[in-house]
Amino acid sequence: MFSIVSSLFYINHYLTCNHPIKRHAINLHTLECNIIVYDEYTGEVPAPYKKVDLDTLLKESDVVSLHLRLSKGTQHFIGKKELDKMKPSAVLISTARSGLIDEKALVQSLKEKKIMGAALDVFDHEPLDPNDDLLKLDNVTITTHIAGSTIDAFRNSPKQMADTLCN
């Protein structure tokens with residue numbers, strides 16, 4: 001049986017109290033998803049999640065979801081070398097910041113079917129050029145970067161900020 005999501009990749013602020021990533025991990029676990037975590041900024045992660053190194057995460061995950069800030073150290077965090085380690089059935093999700101993925105390497109991996117697909121809402125050049133290779137691929141889902149612009153996000157963000165600052 002093929003599992004849509006059996007492993008997930010969460011980076012940065014994973015253990016922050018009430019952080020949306022932590023809540024999504026809890027929800028996915030209830031759907032019997034195995035969740036593995038790579039986060040160089042935390043020690044242990046609570047059961048049932050398992051902390052692994054980046055190579056293990058890339059090799060074992062069905063879905064790799066990036067949740068980290070863009071910095072000099074994370075520029076092209078996922079490049080050709082990392083994409084080559086992923087399963088041919090893996091999907092890469094990036095809804096954090098553009099620049100985390102080497103887009104040229106991603107396009108090449110998608111064209112060659114080295115990974116099954118990608119879901120993106122951030123790009124190196126926005127808006128995307130109508131002739132951009134990403135728009136020509138049938139294994140890419142593209143959306144706008146507006147998750148933080150929902151009514152719930154506006155309503156909950158002051159509370160989330162207070163929780164983060166107080167805890």
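How do the residues of the lining of the largest cavity divide into nonpolar, polar and charged? They comprise six nonpolar, three polar and three charged residues. In this scheme Ala, Val, Leu, Ile, Met, Phe, Trp, Tyr, Cys and Pro count as nonpolar, Asp, Glu, Lys and Arg as charged, and the others, Gly among them, as polar.

The structure is a predicted model, in which local features need pLDDT of at least 70 and side-chain atom pairs count only at pLDDT 80 or more, while totals for chains, interfaces and linings use all residues. Residues are numbered from 1 along each chain as its sequence is written, and side-chain values use heavy atoms, with hydrogens and water left out.

**The chain as a whole**

The chain contains six helices and six strands. Helices (H or I, at least four residues) and strands (E, at least two) are DSSP runs, numbered from the N terminus. From that end the order of elements is α-β-β-α-β-α-β-α-β-α-β-α. Of the 167 residues, 39% are buried; the term buried means under 20% relative accessible area, exposed means over 50%, and partly exposed lies in between (1.4 Å probe, protein chains only).

**The sheet**

Strands of a sheet pair through backbone hydrogen bonds, either parallel or antiparallel. Here four strands form an open sheet with parallel pairing, in the order β3-β4-β5-β6. Its edge strands, β3 (63-66) and β6 (140-142), each pair on one side only. Two strands are taken to pair if DSSP finds at least two bridges between them. Four bridges join β3 to β4, and Leu66 has Ser94 in β4 as its bridge partner. Four bridges also join β4 (residues 91-94) to β5 (residues 117-120), with Val91 partnered by Gly117 in β5.

In a regular strand the side chains alternate between the two faces of the sheet. Strand β4 shows this alternation: Leu92 and Ser94 point to one face and are buried, whereas Val91 and Ile93 point to the other and are not.

Helix α4 (residues 103-111) lies across β4, β5 and β6, and runs at about 140° to β5. Contact means heavy atoms within 4.5 Å. Axes are lines fitted to C-alpha atoms, for helices over the stretch in contact, and angles run from 0 to 180 degrees between N-to-C directions.

**The cavity**

A cavity is a set of points on a 1 Å grid over the protein atoms alone where a 1.4 Å probe fits but cannot get out, and lining residues have an atom within 4 Å of a point. Grid points are joined across faces, edges and corners, and a volume is the space filled by probe spheres set on the points. The count is one cavity of 30 Å³ or more, and the largest cavity has a volume of about 70 Å³. Among its lining residues are Ser94, Arg97, Leu106, Leu120 and Phe123.

**Individual residues**

Two residues other than glycine have a positive phi, as the table sets out.

| Residue | Phi | Loop | Relative accessible area |
|---|---|---|---|
| His76 | near 55° | between β3 and α3 (80-85) | 35%, partly exposed |
| Lys113 | about 55° | between α4 and β5 | 49%, partly exposed |

The peptide bond from Glu126 to Pro127 is cis, with omega near -5°. Pro127 belongs to the loop between β5 and α5 (133-136). Leu54, in helix α2 (residues 54-60), is buried at a relative accessible area of 18%.

Definitions and conventions. On a 1 Å grid over the protein atoms alone, a cavity is a set of points where a 1.4 Å probe fits but cannot get out, and a pocket is an open set with protein on both sides within 12 Å along at least five of seven lines; lining residues have an atom within 4 Å of a point.
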